[in-house]
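Subject: Handing over the structure we talked about

Hi there,

Here is the structure I promised to pass on. Please have a look at the sequence and the fold, and then read on for what I found.

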Amino acid sequence: MPRILTVEDSASAALDECAHAITDFGFDPREEDSLANAALWLRRLGNNRTFLGDLLVAELAGRHREDVLDSAYGPQVVMLAPPNGQFFIRANLWPSLDEHMVRASGGASFVYGLPHDHNFDFLTLGYFGPGYWSDYYEVDYEAITGWRGEPVPSLRFTGRERLEEGRIQHYRAHVDVHAQLPADSLSVSLNVMHTTGAQGWLDQYRFDLDRREVGAILSPGPSEAFLKVAIGLGSDEALDLGHRFARSHPSDRLRLGAWDALAAREVGAGAKDALWRKAEGCGSRLVAMEAKARRAELIG
């Protein structure tokens, strides 16, 4: 279960003040002093009961003058302080089942009922409303290879809790798993999200709780998309790179992406099966198990 951080402080901070204070100290959640400093300033930002409403009113009032493509705002997430190499700050909106947006779009659009871990640490504070519920689990990340359907016997239930107003929690990368459930009424959380250069190479998983197994990888990186486009375009250099990445790239996930892209170029089930047969023997457990599944899908 995420750590509950008790921070008693009645001071109030502006958004810029909070962001600058965390930046100046640095944010590394592996260091207790750094974690405590970020939690303190998140508490102070949470004590400011007007900043978010003022920001949203200003955004709505000036929206017609802005290019929508330049906005960091979405239906659920409001970017408050952009990534700076260490962290970013955001607000998340959590509607209840009675909200029209949930009835129209479904709970999955708001990540409700999606059991997942995170490939980053973050702090979250209940800012407004009763808060969303979560069923919490913990997992042994080092024991997971990541192929779809992989059994995860280490996945264990640790309780159901609500992110109540004023509560601060520390979600630990690759440890805490949660399936979020709708808030009883519209709620808002504030997050300080840790970022690192290595984050894009660390997998985040969706879990199948009924089967206690990996459902999917949720964290494809841009390199995979670029690689698939390049291989799809089919230049000699791209195909050579694709074969080299498929055989020996340090990232198993990127190796699988290369095999997927190469398989997409093959015509006919027989050719695809032959390629995936090669992939099974490439030396990666993740690729081998996914290749086996792809071959089974070809058979029907």
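A residue is called buried here when its relative accessible area is under 20%. By that cut-off, five of the six residues of β8 are buried, so this strand is largely enclosed by the rest of the structure. Please keep in mind throughout that this is a predicted model.

**The chain as a whole**

The chain has nine helices and eleven strands. Of its 300 residues, 48% count as buried. Its C-alpha atoms fill a box of roughly 65 × 45 × 40 Å along the principal axes. Among contacts with a separation of 6 or more, 72% are between residues 24 or more positions apart.

**The six-stranded sheet**

Six strands make up an open sheet, and their order is β1-β7-β4-β9-β3-β2, with antiparallel pairing. At the edges sit β1 (3-4) and β2, each of which pairs on one side only. Within the sheet, β4 and β9 are joined by six bridges in the antiparallel sense. One bridge to look for there is F128, whose partner in β9 is V188.

**The nonpolar cores**

Nonpolar side chains tend to be buried together in soluble globular proteins. Here, the largest nonpolar core holds 30 residues, and those that touch the most other members are L80, I89, L123 and L190. Two or more residues each come from α1 (15-25), α2 (32-47), α3 (51-62), β2 (77-81), β3, β4 and β9. The most come from α2, which gives six. There is also a second, separate core of 17 residues, with L227, A261, L275 and A291 among them.

L123 is a good residue to centre your view on. Setting aside neighbours within four places in sequence, its contacts include L5, F27, L35, A38, A39 and L42. L123 is also in contact with Q169, H170, L190, N191 and V192.

**The largest pocket**

What lines the largest pocket? Its lining has 19 residues, and the closest to the centre are R90, N92, V111, H116 and Q180. The space inside comes to about 250 Å³. The elements that each give two or more residues to the lining are β3 (87-94), β4 (122-128), β8 (176-181) and β9 (187-194). Of these, β3 gives the most, with three residues. By class, the lining has nine nonpolar, nine polar and one charged residues.

**β5, β8 and G159**

Strand β8, the enclosed one from the start of this message, pairs with β5 (residues 133-138) in the antiparallel sense over six bridges. In that pairing, Y136 has H178 of β8 as its bridge partner.

Y136 is also a neighbour of G159, which lies in strand β6 (residues 156-162). The two are 23 residues apart in sequence, while their C-alpha atoms are 5.4 Å apart in space. Is G159 buried or exposed? G159 is buried, with a relative accessible area of 14%. Beyond residues up to four places away in sequence, G159 touches M1, S134, D135 and Y136.

**The β10-β11 hairpin and G149**

Side chains in a regular strand alternate between the two faces of the sheet. You can see this along β10 (residues 205-208): Y205 and F207 point to one face and are buried, whereas R206 and D208 point to the other and are not. β10 pairs with β11 (residues 213-217) in the antiparallel sense over four bridges. R206 has A216 of β11 as its bridge partner. Four residues lie between the strands of this hairpin, where R212 takes a positive phi near 55°.

From β11 you can step across to G149, which is in the loop between β5 and β6. G149 and A216 are 67 residues apart in sequence, with 8.2 Å between their C-alpha atoms. Leaving out residues up to four places away in sequence, G149 touches E213 and V214. Unlike the buried G159, G149 is partly exposed, with a relative accessible area of 24%.

That is everything from my side for now. Happy browsing!

Best wishes

Technical notes: Residues are numbered from 1 along each chain as its sequence is written. This is a predicted model: local features need pLDDT of at least 70, side-chain atom pairs count only at pLDDT 80 or more; totals for chains, interfaces and linings use all residues. Side-chain values use heavy atoms; hydrogens and water are left out. On a 1 Å grid over the protein atoms alone, a cavity is a set of points where a 1.4 Å probe fits but cannot get out, and a pocket is an open set with protein on both sides within 12 Å along at least five of seven lines; lining residues have an atom within 4 Å of a point. Grid points are joined across faces, edges and corners, and a volume is the space filled by probe spheres set on the points. Ala, Val, Leu, Ile, Met, Phe, Trp, Tyr, Cys and Pro count as nonpolar, Asp, Glu, Lys and Arg as charged, and the others, Gly among them, as polar. Buried means under 20% relative accessible area, exposed over 50%, partly exposed in between (1.4 Å probe, protein chains only). Two strands pair if DSSP finds at least two bridges between them. A nonpolar core is a set of buried Ala, Val, Leu, Ile, Met, Phe, Trp, Tyr and Cys residues joined through side-chain atoms within 4.5 Å. Contact means heavy atoms within 4.5 Å.
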